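User: Please take one part of this model, the sheet with the loops that lead into and out of its strands, and go through it closely. I would like a connected account rather than a list, with the cut-offs behind each term.

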Amino acid sequence: MDIDENTYAIGDRVRISNETYKKPIAQVGGYEFKWSHEAQSTGHSYWNCVNGAKCPAVIYTDGKTSDSSIVQTKQIHNHAPDPLAVENRVMRNHGRRLASSNPQLSTRRVIAQVTATASDALRSNGTSNLARTIRRQRQRERLEPPVPRTAEFEIPNQYKTMEDGSPFVLHDSSTDNIDDIQIDGRIVILGSRETLEMLANATNIGGDGSFSRAPLGFTQFYSIFHQFLFLIGMFICVLQMMNQELGILTKHGIEL
Ligand SMILES: [Zn+2]
């Protein structure tokens, strides 16, 4: 691709992303630059295009913070500007900040908030990377525990309830087995009061198990569907062993 001139010029102000990093990113005119060093003689910051060795473009700015101005440019990019990449980084950083300052906010909510102002182009790009970014950030800060790899784990309190404080974990055989029923493994039943009520009023109830979609450490993932007139809802049960009887499920789930 032929690029005749840069989309920025001396005097333009840069926007700084990842400002807490050792090497922040400067964004201007749809391009991104990584901080390199401060020139000793002038105190000016020296930034390389994020394409690194592949692209020779360089800018100098009078500072390392947002609203610093370009004081010199060198070379022309050998690639087109990518406003979407710039916007994406801004959005990811926003997501990270939001996730760490609001530990109770679900990943889905964080994504909803940060994408609310995103361009259609960026939104249609999908948010799966964003979800991963947020989860990584939380794991780094130990706000969100890693996904368990076996059935031997304690369910963290923040996942035990719905947003209104009502229970979401309806039964966990590792802690709630008050009748001391012989259970070969672990059963976790997830749902809400609302879905249980709907189940109680259902005209039809159906259930189906899946082995391939079971979480690590569990053998089966079992969903119960209820139908009331034309409304269909579901609640979910995770079984560790496949030889569990639906009778146990009934006792601990439906009759809760
Ligand atoms: Zn470049």
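Analyst: Glutamine 75 is found in the loop between β6 and α1, where helices (H or I, at least four residues) and strands (E, at least two) are DSSP runs numbered from the N terminus. This is a predicted model, in which local features need pLDDT of at least 70 and side-chain atom pairs count only at pLDDT 80 or more, while totals for chains, interfaces and linings use all residues. Residues are numbered from 1 along each chain as its sequence is written. Although glutamine 75 is not a glycine, its phi is positive, at about 65°. Glutamine 75 counts as partly exposed because 13 other C-beta atoms lie within 10 Å; a residue is buried if 20 or more other C-beta atoms lie within 10 Å of its own, exposed if 12 or fewer, and partly exposed in between, with C-beta atoms placed from the backbone.

The strand before this loop, β6 (70-74), is one of the two edge strands of an open sheet, the other being β1 (15-17), and each of them pairs on one side only. The sheet has 6 strands in the order β1-β2-β3-β4-β5-β6, with antiparallel pairing, and two strands are taken to pair if DSSP finds at least two bridges between them. In general, strands of a sheet pair through backbone hydrogen bonds, either parallel or antiparallel. Neighbouring strands here are turned by 30° against each other on average, direction ignored; the axes are lines fitted to C-alpha atoms, for helices over the stretch in contact, and angles run from 0 to 180 degrees between N-to-C directions.

Going inward from the β6 edge, 4 bridges join β6 to β5 (residues 58-61), the two strands running antiparallel, and valine 58 stands opposite lysine 74 in β6. The loop between β5 and β6 holds aspartate 67, which has a positive phi of about 80° without being a glycine. Aspartate 67 counts as exposed because it has 11 C-beta neighbours inside 10 Å.

Strand β5 is also joined to β4 by 4 bridges, again antiparallel, and here asparagine 48 stands opposite valine 58 in β5. Between β3 and β4 there are 5 bridges, and these strands too run antiparallel, with histidine 37 opposite tyrosine 46 in β4. The pair β3 and β4 forms a hairpin with 6 residues between the strands, and in its turn glycine 43 has a positive phi of about 80°.

Toward the other edge, lysine 23 is found in the loop between β1 and β2. Lysine 23 has 12 C-beta neighbours inside 10 Å and therefore counts as exposed. Lysine 23 touches Lys34 and Trp35, leaving aside residues up to four places away in sequence; contact requires C-beta atoms, placed from the backbone, to lie within 7 Å. From lysine 23 to phenylalanine 33 the separation is 10 residues in sequence and 9.8 Å in space, C-alpha to C-alpha.

Phenylalanine 33 also belongs to the largest nonpolar core, which has 13 residues and in which Ala26, Val28, Phe33, Trp47 and Ile59 have the most contacts; such a core is a set of buried Ala, Val, Leu, Ile, Met, Phe, Trp, Tyr and Cys residues joined through C-beta atoms within 7 Å. At least two residues of this core come from each of β2 (25-28), β3 (31-38), β4 (45-49) and β5. Valine 28 touches Tyr8, Asp12, Val14, Arg15 and Ile70, again leaving aside residues up to four places away in sequence.

On the far side of the glutamine 75 loop comes helix α1 (residues 83-101), whose 19 residues reach 27 Å from first C-alpha to last, close to the 27 Å expected at 1.5 Å a residue, the expected span being 1.5 Å times one less than the number of residues. Its buried residues are Met91, Gly95, Arg96 and Ala99. These cover an arc of only 140° around the axis, which means that they lie on the same side of α1; the arc is that of the directions from the helix axis to the C-beta atoms.

For the wider setting, the protein contains 7 helices and 11 strands, and buried residues make up 21% of its 256 residues.

Methods: Contact = placed C-beta atoms within 7 Å.
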